[in-house]
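This report looks at how side chains meet in one protein model, with attention to charged pairs and to aromatic rings.

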Amino acid sequence: MVTVTVTAKFHNPSLSRRKEWQHAARLYRDTKQFCIDGWENDDFDKSVTTASIDNALYSAIQNQAIREAKSDHNKDGEVRYRESQPFAVNNQNWELDTTENGTVVVGFPCVSQWWYTPIEVYDDIADPVDRLVEGDADKTRLQVYRRGDDWYCTFNIEYDADTSGETPIGVDIGERHILAVTAYGEDESMLVSGGEAKYVRRKYRSLRDSLSEAGALRARNRVGDKEQRRIKDLNHKLSRRLITFAEQFENPVIRMEDLEGIRENSSWSGVHSWHFHQLQQFITYKAERAGIRVEAVDAYHTSQRCSACGSMGNRDGDHFSCSECGRGRHADLNASENIAQREGEPCTG
């Protein structure tokens, strides 16, 4: 199963449409807050329905707001919604179609009526959009939101794909080597040191400690902002480098381990604050823009098993050795090769 996230800009929506969508966004936010407040104050139970919602939104949108409010209410902490809440419709209550001249339009209910509005289809999403129009794919819920003066929609398209002829790209993300990458079956790999990331973390941690001791809290916060910008820039460079590596192979599919496992198993004290998740997000969305599928795989024993024969081996620093088949390999590249061989679940980033 392939999952592609589509974010598309609406093409020149009329003023009346934009006004109604803005009104719908406010009503959507208010509906969710109404549910949250009602549950907090015990005004009604979780079985609340659209009959309790007194606004002009279509019932399909009200139902989606109730579902999202329930999900948010189950999380810890107080729930207060911002002004910029997008409004959403479940997968059964919106549609994507084409006009006689081939223009792709998205239709969804709102307040006064259903709106059918053209979207801008760039090259990277043209194929999955065509699959959906032809009925060869499924869609998820639709979200509509404003960014600046423009309006956008986002949704996922899911379809089965022929995986024969693909090149699995296994990606091991870690502290000693931030990226260890293997193109399985191609005898090609890439290894990127984690030294720069460690240096950035140590440098700014030392600065923060010094400023805290001096009582310069405002300066300490500015240091934190600089550190995040450095980390973000590094993650962008790393993800671009990985995508460039993957693009040289035929039909690449990127497979990454569950990053939560890195945090739980790492002995590096700074790993909990390192933006592994951000790096994974950057890799995922850049891969999707490049038309490359990304899968998350089970990371269990990827560092302990031999990628050639599957036996449990020995790791000594950066070297992995297998007593069963006699193979020696860089330990992180051995892990990345194991990851490449495991089928995973599609990532949606």
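A salt bridge here is a side-chain nitrogen of Lys or Arg within 4 Å of a carboxyl oxygen of Asp or Glu. In this predicted model, the count by that rule comes to 15 salt bridges, and three of these are set out below.

| Salt bridge | N to O distance |
|---|---|
| Arg315 and Asp332 | 3.1 Å |
| Arg80 and Asp37 | 3.3 Å |
| Arg131 and Asp127 | 3.1 Å |

Arg315 belongs to strand 14 (residues 314–316) and Asp332 to helix 8 (residues 331–340), so their salt bridge ties together parts that are 17 residues apart in sequence. Of these two partners, Arg315 counts as partly exposed at 39% relative accessibility, whereas Asp332 is buried, with a relative accessible area of 6%. Arg80 lies in the loop between helix 2 (59–73) and strand 2 (87–89), and because Asp37 is in helix 1, the pair ties together parts that are 43 residues apart in sequence. Arg131 and Asp127, by contrast, are four residues apart in helix 3 (residues 123–133), separated by about one helical turn. Salt bridges that share partners also join Lys32, Glu68, Asp72 and Arg141 into one network.

Turning to the rings, the count comes to eleven aromatic pairs. In one of them, the centres of Trp21 and Phe108 are 5.6 Å apart and the planes stand at 45°, so the pair is tilted. Both Trp21 and Phe108 are buried, and ring pairs link them with Phe10, Phe87 and Trp151 into a cluster. Charge meets ring as well: Lys46 lies over the face of Trp39, at 5.1 Å from the ring centre.

Definitions and conventions: Residues numbered from 1 in each chain as written. Predicted model: local features only at pLDDT ≥ 70, side-chain atom pairs only at ≥ 80, totals over all residues. Heavy atoms only, no water. Phe/Tyr/Trp six-rings, centres within 6.5 Å; stacked < 30°, edge-to-face > 60°. Buried < 20%, exposed > 50% of the residue type's maximum accessible area, 1.4 Å probe, protein only. Lys NZ or Arg CZ within 6 Å of the ring centre and 35° of its normal. Helix = DSSP H or I, 4+ residues; strand = E, 2+ residues; numbered from the N terminus.
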